[in-house]
Amino acid sequence: MEFKEGFSINQDDNLWTVFIPYQFLSLPSCQLYGKVHRNCHRIYVLSVGMLEKDTDLYTQIVGEWSCDISQQIRHSNKMSGENENIWISVYKLQTGQLDCKLLSGKSRTCVECILFNPQNILESYFLQSSDMIQDKNNMIQPLVIYSTVICDNENQQHSASSQIINYLNSINLSNIFLQVLTVLYSILTVLIDNRFTRTGLLKSITEIPSFCQHLILKKKKLYSAKTSKNKLFETQNVVSQTVLDVLLGILVMTFLTQNGWIDSITTHFFLWTEKVASELDILLNWLMGAPAGLKLNKPLTEFLGHFFMYHIYLWKGYLHLLKPPVFNTLLWCSSCVGVLGLSAQICLLKDIISTTTLHIYCYYVYAARLYRLQVYVLSALWRLFRGKKWNVLRRRVDSASFDVDQLFVGTLLFTIFLFLLPTTALYYTVFTLLRMVVLLFQGFLSTVVYVINHVPMYSILLWVIGSNKVSGEISLEVVPSDKKTDCQVFSLQVHKVPLGRIMKMSSSNQIDSMSQPLLSWKHFLLNLMKGHLVYPWIDLHKPL
């Protein structure tokens with residue numbers, strides 16, 4: 001919460017500030033009860049009668065309200081304790097405007113009156129959270145406390161049926177739903193997220209499937225919402241995201257399981273895989289020739305070409321095992337995951353893509369490792385020519401002396417690896433591009449999952465419709481008056497916070513689904529040039 005420009009509380013010692021709820025101005029003439037804060041010269045009007053005895057807040061008569069200036073209630077003699085010699089008189093002028101006077105002893109004191117709506121303050125998630133406000137004037141927190149007292153006192157004065165309705169409205173169904181979701185995801189992840197799978201080989205196995213990671217992160221997100229500083233606000237967002245996710249997942253599941261879409265998808269999938277296999281065969285035959293007129297090392301390029309062609313043959317045999325009805329059954333089971341949400345279906349789709357493009361990943365790893373080995377050897381031999389070597393213990397380049405035989409062997413090896421490098425680099429470049437295409441599509445799917453699970457749909461909807469629940473900025477507007485009076489009347493207005501701040505606050509409370517830190521473009525290109533694996537298995541902490 002922030003005060004808008006122009007908001008200030010006068011710190012003059014001779015000026016008192018009186019806070020009055022709007023609804024009291026529609027009542028007939030009566031006495032006002034409230035609290036007096038002498039240290040900050042403020043008076044909070046809380047009721048027109050004594051509060052219930054079971055409340056912890058003790059109130060006293062602080063003044064009077066007159067709906068007609070000709071019918072003012074006289075100074076009460078019931079004042080005692082800390083409110084002695086303090087009396088406010090609030091009345092309506094003949095013009096219908098408000099005026100207020102404050103008597104301190106026998107003298108009249110300057111006063112300003114602030115009208116506020118307690119209901120608007122209590123509806124705001126931002127104003128109710130002390131961690132989300134910047135209350136430099138120490139005014140908002142007392143207003144929130146006293147607004148609660150005012151609204152509770154009004155509810156107690158209603159009929160029994162009204163109290164039952166208010167009780168039903170106070171039941172937070174979001175918390176109940178959040179508890180149910182937490183238990184459900186705890187049961188689903190009991191086999192993949194326990195003390196045995198958090199270390200060792202089992203941890204590496206459970207980190208590979210996107211579907212498993214999605215379930216684990218979903219469970220952590222639900223637990224995080226339960227322990228959030230602003231629990232109510234975070235709970236509403238998480239529940240709304242989950243409901244929307246499940247509805248979309250069920251919609252996709254219904255779409256796939258009806259009208260024979262699964263059989264149609266299976267047919268097109270195997271047609272696509274056959275086309276990919278034939279295109280890869282054409283690509284490898286092109287690389288074994290003279291691609292783009294380049295003269296490559298013929299024995300090496302033929303060896304690499306036949307090596308990769310054999311992997312295509314193995315991949316075709318692997319796909320043959322998945323032909324109907326196996327693949328149809330797998331696709332039907334995958335669509336049924338829609339009961340867990342569309343994001344779960346997309347994560348499972350990512351795993352299916354990773355499985356069906358396993359041959360492309362193998363091509364990329366083989367070419368990258370071979371290219372990395374040649375780059376490493378060439379860099380070591382280049383240091384040998386300059387009379388230097390890499391010091392493993394100190395992790396730096398030191399000077400060294402080599403004899404003639406070492407320089408001769410180094411020259412021969414450098415020449416061999418240098419002339420073989422273009423052939424290896426060409427295969428590495430082609431298969432890296434293929435790998436990047438797969439990663440771009442998977443990255444797009446990851447972005448969709450991130451949007452579904454991280455964008456605060458509930459908060460955005462409240463912001464669009466202008467709900468008081470996303471209000472957090474306060475301003476004072478001067479109430480115009482035709483008659484010159486000693487009292488200045490203000491109206492306290494609550495405004496909604498900027499949408500960007502809501503998004504920033506929600507993103508800071510979310511658990512990021514991308515467990516790996518992001519690389520800058522500079523480091524990413526350097527990794528590609530040096531033959532490091534870009535995803536996965538890349539060691540981001542390893543010096544380039």
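Is Phe126 buried or exposed? At 0% relative accessibility, Phe126 counts as buried. The legends below describe this residue and other sites in a predicted model.

**Figure 1. Overview of the protein chain in the predicted model.** The secondary structure of the chain comes to 17 helices and 12 strands. Of its 544 residues, 43% count as buried. Among contacts between residues at least 6 apart in sequence, 71% join residues at least 24 apart. The close-ups that follow include pairs of this kind.

**Figure 2. Close-up of Phe126 in helix α2.** Helix α2 covers residues 125–128. Phe126 has a relative accessibility of 0% and is therefore buried, the cut-off being under 20%. Phe126 and Asn468 are separated by 342 residues in sequence, while their C-alpha atoms are 9.8 Å apart in space.

**Figure 3. Packing of helix α9 against helix α10.** Helix α9 spans residues 261–288 and helix α10 spans residues 298–321. Their axes are 9 Å apart and make an angle of about 170°. Angles over 145 degrees count as roughly antiparallel, and α9 and α10 are therefore roughly antiparallel to each other. On the α9 side, the contact is made by Phe270, Thr273, Val276, Ala277, Leu280, Asp281, Leu284, Asn285, Leu287 and Met288. These meet Thr301, Glu302, Gly305, His306, Phe308, Met309, Ile312, Trp315, Lys316 and Leu319 of α10. Sorted by class, the contact of α9 with α10 holds 12 nonpolar, 5 polar and 3 charged residues.

**Figure 4. His359 and Tyr363 in helix α13.** Helix α13 runs over residues 358–385. His359 is buried, with a relative accessible area of 5%. With neighbours within four places in sequence left aside, His359 is in contact with Val276, Leu280 and Trp315. Val276 and Leu280 belong to the α9 side of the contact between α9 and α10, and Trp315 belongs to the α10 side. Tyr363 is also buried, with a relative accessible area of 0%. Residues up to four places away in sequence not counted, Tyr363 touches Leu280, Phe308, His311, Ile312 and Phe431. Leu280 thus appears among the contacts of His359 and among those of Tyr363. Tyr363 and Phe307 are 56 residues apart in sequence, and the distance between their C-alpha atoms is 9.6 Å.

**Figure 5. An aromatic cluster that includes Tyr427 and Phe431.** The structure holds 18 aromatic pairs. One of them, Tyr427 with Phe431, is tilted, with 6.2 Å from centre to centre and 40° between the planes. Both residues lie in helix α14 (residues 404–454), and because they are 4 residues apart, they are separated by about one helical turn. Tyr427 counts as buried at 1% relative accessibility, and Phe431 counts as buried at 1%. Ring pairs link Tyr427 and Phe431 into a cluster with Phe303, Phe307, Phe308, Tyr363 and Tyr366. Tyr363, a member of this cluster, lies in helix α13 and touches Phe308 and Phe431.

**Figure 6. Thr415 in helix α14.** Thr415 counts as partly exposed, at 34% relative accessibility. In sequence, Thr415 and Leu378 are 37 residues apart. In space, they are 9.2 Å apart from C-alpha to C-alpha.

**Figure 7. Packing of helix α7 against helix α12.** Helix α7 covers residues 210–226 and helix α12 covers residues 342–356. The axes are 7 Å apart, at an angle of about 150°. Helices α7 and α12 are therefore roughly antiparallel to each other. Ser210, Phe211 and His214 in α7 meet Ser343, Ala344, Cys347, Leu348, Lys350 and Asp351 in α12. The residues of this contact divide into 4 nonpolar, 3 polar and 2 charged.

**Figure 8. Lys496 over the ring of Trp463.** Lys496 lies over the face of Trp463. Its distance from the ring centre is 4.1 Å.

**Figure 9. Backbone of His41 in the loop between β3 and β4.** Strand β3 is formed by residues 30–37 and strand β4 by residues 42–47. Most residues other than glycine have a negative phi. His41, a residue other than glycine, has a positive phi, near 55°.

How values were computed
Residues numbered from 1 in each chain as written. Predicted model: local features only at pLDDT ≥ 70, side-chain atom pairs only at ≥ 80, totals over all residues. Heavy atoms only, no water. Phe/Tyr/Trp six-rings, centres within 6.5 Å; stacked < 30°, edge-to-face > 60°. Helix = DSSP H or I, 4+ residues; strand = E, 2+ residues; numbered from the N terminus. Buried < 20%, exposed > 50% of the residue type's maximum accessible area, 1.4 Å probe, protein only. Lys NZ or Arg CZ within 6 Å of the ring centre and 35° of its normal. Axes fitted to C-alpha atoms, helices over the stretch in contact; angles between N-to-C directions. Parallel < 35°, antiparallel > 145°, perpendicular 65-115°, else oblique. Contact = heavy atoms within 4.5 Å. Nonpolar A, V, L, I, M, F, W, Y, C, P; charged D, E, K, R; others polar.
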